[in-house]
Amino acid sequence: MNHAWIFLLLTCPAWAQPSINWEQQKTEILKHYRDLIQIDTRAGSETKAVEYIRQVLEGEGIPTKTFALDPARANLVAHIKGNGSKRPLLILAHTDVVGVQPEKWPVGPFSAIIKDGYVWGRGSLDDKPVLAANLMVMLLLKRNRVALNRDVIFLAESGEEADTTGAGINFMVNQHYDEIDAEYSLTEGGNATLEGGKVVTVNIGTAEKVPARVRLVATGTSGHGSVPRMDNALIHLGAAVEKVGRWQTPMRLNDTTRTYFEKLATISSPEKAARYNALLNPRTADAAQRYLAEHEPQAYSMLRTSVVPTMLKAGVGANVIPSEAEATLDIRALPDEDITKFYAEMGKVINDSQVKIVPLPATRPPSPATRLDTEMYRVLEQVSKKMYPAVTVLPSMSTGASDKAQLRAKGQQSYGIGPAGTREDFVNFGAHSDVERLAEPSIYPFVEFVWNAVREIAASPR
């Protein structure tokens with residue numbers, strides 16, 4: 001282990017619970033983390049992870065319940081009771097992972113091999129660190145007999161990546177919400193950034209975009225490919241895709257993104273700070289947006305409802321003009337977007353009666369951003385600053401989607417957290433990639449972070 005990682009671990013004192021020797025917990029933390037990665041939980045096999053977690057929890061006297069719409073895709077719930085003076089805390093993680101193409105992986109995708117200081121494997125970032133951390137927190141609460149003023153509820157749920165049957169969070173929210181009803185919830189959707197071996201930012205997920213995908217369907221007259229036609233569906237579709245793909249939708253900041261860019265400016269180079277501050281000024285925002293669109297597309301996407309063409313479908317032969325052609329657009333809407341009005345505006349941009357906008361079924365409900373003025377957010381800030389004294393805490397809006405949407409729609413204040421990594425690792429070895437990995441030394445302070453946050457929000461005063 002290099003000196004930078006040693007420094008990282010030494011800057012994570014066990015301030016919240018002196019009786020826990022975190023060095024002694026490392027072996028068990030790593031075992032559960034690697035064991036969970038080694039369980040192949042691609043969609044339709046999540047029950048295998050639930051069985052593992054059930055055995056571990058019940059082996060220590062923590063009762064569990066399983067709920068399954070599909071027997072192969074079970075969800076697990078475990079409670080540790082508090083005195084009821086405050087409403088419960090829900091800690092959750094999804095057990096499923098996205099698919100793999102084994103031939104493209106440099107290691108076995110479910111090997112959890114430790115190589116070059118990293119744990120490699122599908123789920124090593126998404127979402128087995130949070131799953132392992134939540135499991136360890138439940139065990140430590142039980143072993144240390146922590147007196148709680150809130151119930152702590154652990155949910156291991158299926159189908160976050162691909163819940164086509166509604167067997168995961170939708171099933172739990174719609175059929176068994178009483179089991180997971182809580183004031184606050186913690187799950188994936190945040191991270192911490194390492195520079196020179198030190199944590200410099202902790203990003204707390206407080207908002208996320210809403211998937212609002214559509215198909216563009218162009219129709220025309222079919223015919224022989226040797227005879228050009230002005231109503232060729234492909235020509236009209238291509239023009240429509242070009243228009244929406246280059247459409248700069250309106251920029252709109254919310255509390256999360258405004259605070260994010262304001263705070264990011266305070267820790268950035270003068271050049272970057274000027275650019276982030278320029279976003280907050282209507283007279284300079286356009287130039288700053290254009291730069292971000294080319295050089296920082298993630299930041300650019302946080303500013304607006306985004307439209308990205310992702311799929312094309314047309315034709316049956318090289319010599320046949322198709323009567324219909326379609327494109328799929330991955331639209332990610334801001335939390336407060338009026339999507340019906342947005343579709344109407346997109347229709348004006350396309351301006352072609354041969355092209356129809358066909359909305360696809362919603363996968364997640366619209367949900368408001370989580371508040372920044374809650375006890376839970378203050379605890380996350382305090383824990384971050386006590387573990388990493390020089391850190392800047394940033395509320396962040398995910399351009400992707402998670403199961404926090406369903407919980408926020410039910411009124412929970414739901415926050416996203418995650419382990420630390422370098423910017424380069426998140427970009428080049430990220431979730432869903434063929435080289436998904438997490439630096440081994442990052443898993444230990446992340447478990448401690450979750451433990452500290454849970455204790456601070458849920459434990460009775462000493």
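## Cavities and salt bridges in a predicted model

Two cavities of 30 Å³ or more are counted in this structure, which is a predicted model. Rolling a probe the size of a water molecule over the atoms shows where empty space is left.

### The two cavities

The largest cavity has a volume of about 110 Å³. It is lined by 14 residues, of which A192, G418, P419, F446 and F449 are the closest to its centre. Two or more lining residues come from each of β8 (191-195), β9 and α15 (440-458). Helix α15 provides the largest share, with four residues. By character, the lining of the largest cavity consists of ten nonpolar and four polar residues, with no charged ones.

The second largest cavity holds about 70 Å³ of space. Twelve residues line this second cavity, and those closest to its centre are A420, G421, D425, L438 and A439. The elements β19 (420-422), α14 (423-428) and β20 (437-439) each contribute at least two residues to the lining of the second largest cavity. That lining comprises eight nonpolar, two polar and two charged residues.

### Salt bridges

The structure contains 31 salt bridges. Three of them are listed below with the distance between N and O atoms.

| Residue | Partner | N to O distance |
|---|---|---|
| D181 | R87 | 2.9 Å |
| E208 | K404 | 3.7 Å |
| R332 | D330 | 2.9 Å |

What does the salt bridge between D181 and R87 tie together? The side chains of D181 and R87 meet in this bridge. D181 lies in the loop between α5 (169-175) and β7 (184-187), whereas R87 lies in the loop between β2 (75-80) and β3 (89-94), so the pair ties together parts that are 94 residues apart in sequence. D181 is partly exposed, at 31% relative accessibility, and R87 is also partly exposed, at 42%.

The second pair in the table joins the side chains of E208 and K404. Because E208 belongs to strand β9 (residues 198-208) and K404 to helix α13 (residues 404-409), this bridge ties together parts that are 196 residues apart in sequence. Are E208 and K404 buried or exposed? Both E208 and K404 are buried. Strand β9 also appears among the elements that give two or more residues to the lining of the largest cavity.

In the third pair, R332 forms a salt bridge with D330. R332 has a relative accessible area of 15% and D330 one of 16%; because buried means under 20%, both residues count as buried. Elsewhere, salt bridges with shared partners join K86, R150, E183 and E375 into one network.

Notes:
Residues are numbered from 1 along each chain as its sequence is written. This is a predicted model: local features need pLDDT of at least 70, side-chain atom pairs count only at pLDDT 80 or more; totals for chains, interfaces and linings use all residues. Side-chain values use heavy atoms; hydrogens and water are left out. A salt bridge is a side-chain nitrogen of Lys or Arg within 4 Å of a carboxyl oxygen of Asp or Glu. Buried means under 20% relative accessible area, exposed over 50%, partly exposed in between (1.4 Å probe, protein chains only). On a 1 Å grid over the protein atoms alone, a cavity is a set of points where a 1.4 Å probe fits but cannot get out, and a pocket is an open set with protein on both sides within 12 Å along at least five of seven lines; lining residues have an atom within 4 Å of a point. Grid points are joined across faces, edges and corners, and a volume is the space filled by probe spheres set on the points. Ala, Val, Leu, Ile, Met, Phe, Trp, Tyr, Cys and Pro count as nonpolar, Asp, Glu, Lys and Arg as charged, and the others, Gly among them, as polar.
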